[in-house]
Amino acid sequence: MYRAEHNLVRELMRQLRSSRSPWGDVQVGHEFSYQRGRVDVLALANEGQHLVAFEAKLVRWHEALHQAYRNTSFAHTSFVVLPKCTAMIAEKYGAEFQVRNIGLCYVDRHKVVVVHSPKAQVPLEPWLFEQAADMVRKNHYGPARPGASSSKDLPRTSNAVRAARRRGHVQADF
């Protein structure tokens, strides 16, 4: 269904911004980079009090599971998002997700389906949570517009982000 991972990410973001999101009204950010990795998508829910991280993959769900686990250091919940056919394969290994407290979901026919929902937890690195949440608040993608899924709809990297990269600080890529 998806030719490239960025198509899956784009559809996930569109669904998160819509009224059909399982997390309700959220602010959405894209590609938050930190010392141990980069998150594909972040959603700030519950009036900015709950950060959800999403790792998207087309096939390599086990790799996404490891990445999603790393994201629990700053996110309240973390999910692996896959195409439906891959999610059904990964679901057979549900214990892997439960042991790590990682969620599993897929995007299918213009909706996000949650297969496994993790328990919310307090981030181990609150300072990193604050940086990720600030990135989402300052640079989030607005409400979805019909047909708004092309790269021209993505915001450009700000001067502040470029300056942070030069200084070697946590970065946010758009």
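This briefing walks through an aromatic cluster, one helix and one pocket. The model is predicted, so please read each value below as computed from that model. Ring pairs join W23, F54 and F79 into a cluster, helix α5 spans residues 126-139, and the second largest pocket holds about 180 Å³ of space.

**Aromatic cluster around W23**

- There are 5 aromatic pairs in the structure.
- One of them brings together W23 and F54 in an edge-to-face arrangement, with 5.2 Å from centre to centre and 80° between the planes.
- This pair links distant parts of the chain, since W23 sits in the loop between α1 and β1 while F54 belongs to strand β3 (residues 50-56), 31 residues apart.
- W23 also pairs with F79: the ring centres are 5.1 Å apart and the planes meet at 80°, so this pair is edge-to-face, given that angles over 60 degrees fall in that class.
- Because F79 lies in strand β4 (residues 77-83) and W23 in the loop between α1 and β1, the pair ties together parts that are 56 residues apart in sequence.
- Are the members of this cluster buried or exposed? W23 and F54 are both buried, and F79 is buried too, with a relative accessible area of 2%.
- For W23 the relative accessibility is 17%, and it counts as buried because the cut-off is under 20%.

**Helix α5**

- Helix α5 (residues 126-139) contains 14 residues.
- From its first C-alpha to its last, α5 reaches 20 Å, close to the 20 Å expected at 1.5 Å a residue.
- Which residues of α5 are buried? They are L128, F129, A132, A133, M135 and V136.
- These buried residues lie on the same side of α5, because they cover an arc of only 155° around the axis.

**Second largest pocket**

- The volume of the second largest pocket is about 180 Å³.
- Its lining is made up of 10 residues, and H6, V9, H30, E31 and D40 are the ones nearest the centre of the pocket.
- Which elements each supply at least two residues of this lining? They are α1 (5-17), β1 (27-34) and β2 (37-45).
- Helix α1 gives the largest share of the lining, with 5 residues.
- Sorted by class, the lining has 5 charged, 3 nonpolar and 2 polar residues.

Key
Residues numbered from 1 in each chain as written. Predicted model: local features only at pLDDT ≥ 70, side-chain atom pairs only at ≥ 80, totals over all residues. Heavy atoms only, no water. 1 Å grid on protein atoms, 1.4 Å probe; cavity = no way out; pocket = protein on both sides within 12 Å on 5 of 7 lines; lining within 4 Å. Points joined across faces, edges and corners; volume = space filled by probe spheres on them. Helix = DSSP H or I, 4+ residues; strand = E, 2+ residues; numbered from the N terminus. Nonpolar A, V, L, I, M, F, W, Y, C, P; charged D, E, K, R; others polar. Phe/Tyr/Trp six-rings, centres within 6.5 Å; stacked < 30°, edge-to-face > 60°. Buried < 20%, exposed > 50% of the residue type's maximum accessible area, 1.4 Å probe, protein only. Expected span 1.5 Å × (residues − 1). Arc of directions from axis to C-beta.
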